[in-house]
Amino acid sequence: MQTVVLAAGKGTRMRPLTESRPKPMLPVAGRPLVEHTVDAAVEAGASRLVIVVGYRGELLRKHFGDSHRGVPIAYEEQSTQRGTADAVAQATPSLDNDPFVVLNGDSLYDPTSLSRLYDGGPAVASYRVDDPASYGVLILDGGQVTGVIEKPEEPPSNLINAGAYVFPEAALGWLDVGESERGELELTDVLEQACESRAVRSVTMDRWLDVGRPWELLEANEWKLDEIDGGEHGEVSSDATLSGRVFVARGAEIREGVTVEGPVYVGPDATIGPNAYVRGATAIGAGAHVGHAVEVKNSVLMAGATAGHLTYVGDSVVGRDVNFGAGTTVANLRHDGEDVRVTVKGDRVSTGRRKFGIVCGDGVKTAIDTSVNAGVVLSEGVTTTPGENVLRDR
Ligand code: TTP
């Protein structure tokens, strides 16, 4: 089935990580997030893909080119991010007058569940949660979806909208929806129309993750690193100890005295060690460097990031070309046992994680002996002074 992938958003909740790239291009287990989405679509039965790009769209075009695993890709541009229904409307020049699937380019879907969505007829992907009140919740009558309600006080079901749909071809004429309360043109209004005239199935995903905020990028990496195949394509010292699934890309080097406990991805030309400890679900980007007496746990280090000496980084997302000075230490646990909180678009939000470290925008440089408190977000290019104790976002 023809498949529209929405990837035009600005990813404002993911800042500063989206200052220089669109959210779908953030790295997950060594590949862009959207590549996992597109892979799932191809496995589920996408016959061709229309990717709607906007914010920094050139990076998606460059990454995929005109096909992925033999499936042709067309691009359409959404110049103003007016909402998901508008994004699909922009895709219509590349769509045939046939049923079509819509997927969010920033969500992970498990391919087996997604195949059930592609099985036929109008459908919406759903996901079962214990507390649906803060999501779009499906209203069901028997096995059929009759509507969706945003953030209801009394949720009509435990199934939330997972942002993947099969629409009938008639929906190509329903995309001109009015603005919602939050001022966007929403695809859920198109779903409502489908529910009025068609039998819409709910297809419950076994696993699904919407990647909107920085700690969800860690969750995405935890999921996808758990599925990587191990393999040593680079140079691994005989004095290094690798256990679990560890993928070492071509050109990467694991030096003497290093311990790596998988699942861990080490990107092309990255160097680890000597005498470093890398563990948990960790992804080390291309050309990154983890040096002597550095411990990296359950973190994402993007391309070119460097932790040269005597550093601890835990449960953190570290942007491109960040440099941690010797002795930099990241806190990832609160002594009061509460979940770590992060400021997202001005609001303090619980990450739902007892352990979460920091978020570093591209090019951050910490001076020697910098301590950074759990939940701190450092904007692109921020620097610290020697011995600084960073307790607040900068
Ligand atoms: P969101 O996650 O709601 O929006 P966003 O990606 O811009 O992120 P943020 O809220 O942090 O600013 O979008 C859901 C999906 O739809 C996502 O894949 C991006 C895509 N999208 C578009 O393609 N065009 C749009 O106008 C909007 C609002 C979203």
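This report describes a seven-stranded sheet and the surroundings of a ligand in a predicted model.

## The sheet

Seven strands make up an open sheet, and their pairing is parallel. Their order across the sheet is S16-S19-S22-S25-S28-S31-S36. The edges are held by strand S16 (235-236) and strand S36 (365-366); each has a single partner strand, so one side of each has no neighbour in the sheet. Strands of a sheet pair through backbone hydrogen bonds, in either a parallel or an antiparallel way.

At the S36 edge, the partner is strand S31 (residues 323-324). S31 and S36 run parallel and are joined by two bridges. In one of the pairings, Asn323 has Lys365 of S36 as its bridge partner.

## The ligand shell

There are 19 residues around the ligand, and those that come nearest are Leu6, Thr12, Arg13, Gln78 and Gly83. Sorted by class, the shell has six charged, nine polar and four nonpolar residues.

## Polar contacts and cover

Which residue has a side-chain N or O atom 2.5 Å from an oxygen atom of the ligand? That residue is Thr12. Two other contacts involve the backbone: a polar backbone atom of Gly83 is 2.9 Å from an oxygen atom of the ligand, and a backbone N or O atom of Arg82 lies 3.4 Å from an oxygen atom of the ligand.

On its own, the ligand has 560 Å² of accessible area, and the protein covers 86% of this. Strand S1 (2-7) and helix H3 (84-91) are the elements that give two or more residues to the shell.

Note on methods. Residues are numbered from 1 along each chain as its sequence is written. This is a predicted model: local features need pLDDT of at least 70, side-chain atom pairs count only at pLDDT 80 or more; totals for chains, interfaces and linings use all residues. Side-chain values use heavy atoms; hydrogens and water are left out. Two strands pair if DSSP finds at least two bridges between them. Helices (H or I, at least four residues) and strands (E, at least two) are DSSP runs, numbered from the N terminus. A residue is near a molecule or strand if one of its heavy atoms lies within 4 Å of it. A polar contact is a pair of N or O atoms within 3.5 Å; within protein, one must be able to donate a hydrogen and the other to accept it, and residues adjacent in sequence count only if both atoms are side-chain atoms. Accessible areas come from the Shrake-Rupley method with a 1.4 Å probe; for residues, only the protein chains shown count as cover. Ala, Val, Leu, Ile, Met, Phe, Trp, Tyr, Cys and Pro count as nonpolar, Asp, Glu, Lys and Arg as charged, and the others, Gly among them, as polar.
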